[in-house]
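Got the viewer open? Here is a tour to click along with, stop by stop.

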There are 2 protein chains.
Amino acid sequence: MTATRGAARDALRQEQIVQAAVVLLDEGGVENLSMRKVGGRLGITGAALYWHIKSRHDLLLLAVDHVWAQVAHPCLAGPHWRPALLAMADNVRALCVRHPWLLTAMAIQPLDGPAIDRHDRHLLAVCEKSGLTREDAEQAAQSILTFAIGSVLAAGPGPYVSFGLRSILDGVETRLAVRT
Amino acid sequence: MTATRGAARDALRQEQIVQAAVVLLDEGGVENLSMRKVGGRLGITGAALYWHIKSRHDLLLLAVDHVWAQVAHPCLAGPHWRPALLAMADNVRALCVRHPWLLTAMAIQPLDGPAIDRHDRHLLAVCEKSGLTREDAEQAAQSILTFAIGSVLAAGPGPYVSFGLRSILDGVETRLAVRT
DNA sequence: ACCTGAACACCGTTCAAGT
DNA sequence: ACCTGAACACCGTTCAAGT
């Protein structure tokens, strides 16, 4: 089947392009990402990229999902949901600090992509494991993600991170106490 | 004194420029802000702007502070700190929703400017009025701002906003209970 | 003091044309 | 299928020159 072989080759090429984009983004932020520079890193023209990728905007989204895939998912088996949630919040924070352009990209448009979906579902699963109802778990998961991302945007690390995060986790526990 | 009159005229011109920039930003986001377009709105060349403004990047920061000055500061006199904090968080949220490019600009570089400083100090004052120590008040203020901004970035409105925010305010109250 | 015009080194994107 | 080259309509910024 030359069709699938061709598609596979194209996917490979696309990943090379996305990797080159990530390098440029890490070096100089969103404004450093240009089609001609990405092409230059692969020995081709900037215009040639349009065979594999729809637009610069699309390439940026692909790069976001690519680095988001690197964030670790803590094991679901363990009995301690609270440290697991803290770890996930910290992993997101660390990712955003390592790739500051992530925030810029996320501010342009709401996040979307397979790796992000996977992470969202995992976070929700951990919240549900604590015993919360589905609705409460969704609110908790969103709150944790919101705070993790906001904490990178609004200011430096600082001790307030633990204050806000601890408060949210305490909120989860009071919610649990009410139900039982 | 022609010197001060000249400076005053220049400040006026600068405000016109910033206002034109805000219009363009509201219309089409950060990528719609170009020197030539701003100049066009005022009947001058794009290059002419450089007499009044240092760079496009600087103009963006000026625009951020300009809209930030519009957020209302709830009265400090009232006895209820909790609704005051909720109101401030909501005002910030509303501002970021009204000017979506604010998030993009804020993600590029940490906020700075007189209007933002004024807002930060007011938020801190409300937190201190609750009876928290200076250090705890700073953590609470940062947490509230973080959550307000993050909630716009991470997702739509949704009920989780009240969940996270309520948890943080509950955290303030438990902190107060411990001290007394 | 304040602005123009031209210039420089860039952009994203399209598209015919090559192989 | 995959890429080049040229082209188009844009950019930010500088700077001499005008008034």
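## First stop: one residue in helix 1

Select Gly6(B): at a relative accessible area of 32% it is partly exposed (buried means under 20% relative accessible area, exposed over 50%, partly exposed in between, with a 1.4 Å probe and protein chains only). Gly6(B) sits in helix 1 of chain B, residues 2-28 (helices, H or I with at least four residues, and strands, E with at least two, are DSSP runs numbered from the N terminus). Now add Thr45(B): 39 residues separate Gly6(B) from Thr45(B) in sequence, and their C-alpha atoms are 21 Å apart in space.

Before you go on, some housekeeping. This is a predicted model, where local features need pLDDT of at least 70, side-chain atom pairs count only at pLDDT 80 or more, and totals for chains, interfaces and linings use all residues. Residues are numbered from 1 along each chain as its sequence is written, chains are lettered from A and ligands numbered from 1 in the order in which they are written, and side-chain values use heavy atoms, with hydrogens and water left out.

## Zoom out: chain A as a whole

Colour chain A by secondary structure and you get 8 helices and 0 strands. Reading from the N terminus, the elements go α-α-α-α-α-α-α-α. Along the principal axes, the C-alpha atoms of chain A fill a box of roughly 60 × 45 × 25 Å. Of its 180 residues, 46% count as buried. Take the contacts in chain A with a separation of 6 or more: 72% of them are between residues 24 or more positions apart (contact means heavy atoms within 4.5 Å).

## Three picks in chain A

Start with Ala63(A), in helix 3 (residues 56-68) of chain A. Buried or exposed? Ala63(A) is buried, at a relative accessible area of 0%. Show what surrounds it: skipping residues up to four places away in sequence, Ala63(A) touches Val18(A), Val22(A), Leu25(A) and Trp101(A). Pick Ala21(A) as well, 42 residues from Ala63(A) along the chain, and the C-alpha separation comes to 6.7 Å.

Next, click Met106(A) in helix 5 (residues 101-108) of chain A. Met106(A) is buried too, with a relative accessible area of 2%. Which residues is Met106(A) in contact with, leaving aside neighbours within four places in sequence? Turn on Trp68(A), Leu111(A), Ile149(A) and Leu153(B) to see them; note that Leu153(B) belongs to chain B. For a distance check, Leu61(A) is 45 residues from Met106(A) along the chain, with 8.8 Å between the C-alpha atoms.

Then move to Asp170(A), in helix 8 (residues 160-179) of chain A. Asp170(A) has 33% relative accessibility and counts as partly exposed. From Asp170(A) to Tyr160(A), 10 residues apart along the chain, the C-alpha atoms are 15 Å apart.

## Over to chain B: helices 5 and 6

Select helix 5 (residues 101-108) of chain B, which is mostly covered, with 7 of its 8 residues buried. The buried ones are Trp101(B), Leu102(B), Leu103(B), Thr104(B), Ala105(B), Met106(B) and Ala107(B).

Helix 6 of chain B comes next: residues 114-129, 16 in number, reaching 23 Å from first C-alpha to last, close to the 22 Å expected at 1.5 Å a residue (the expected span is 1.5 Å times one less than the number of residues). Its buried residues are Ala115(B), Ile116(B), His119(B), His122(B), Leu123(B), Leu124(B), Val126(B) and Cys127(B). Show helix 3 (56-68), helix 4 (81-98) and helix 7 (134-154) of chain B, which are among what covers those residues. Following helix 6 of chain B, stop at Gly131(B), where phi is positive, near 110 degrees.

Now keep just helices 3 and 6 of chain B on screen. They pack at an angle of about 40 degrees with their axes 7 Å apart (axes are lines fitted to C-alpha atoms, for helices over the stretch in contact, and angles run from 0 to 180 degrees between N-to-C directions). Helix 3 and helix 6 of chain B are therefore oblique to each other (under 35 degrees counts as roughly parallel, over 145 as roughly antiparallel, 65 to 115 as roughly perpendicular and the rest as oblique). Add side chains: Val64(B), Asp65(B) and Trp68(B) of helix 3 meet Pro114(B), Ala115(B), Ile116(B) and His119(B) of helix 6.

## Last stop: both chains

Superpose chain B on chain A: a turn of 180 degrees with a shift of 0.0 Å along the axis gives an RMSD of 0.0 Å (least squares on the C-alpha atoms of residues with pLDDT of at least 70 in both). The two copies are thus related as by a two-fold rotation axis. To find that axis, go to Gly150(B), whose C-alpha at 1.9 Å comes closest to it among the residues of chain B. Finally, 100% of the interface residues of chain B are also interface residues in chain A, so the copies meet through the same surface.
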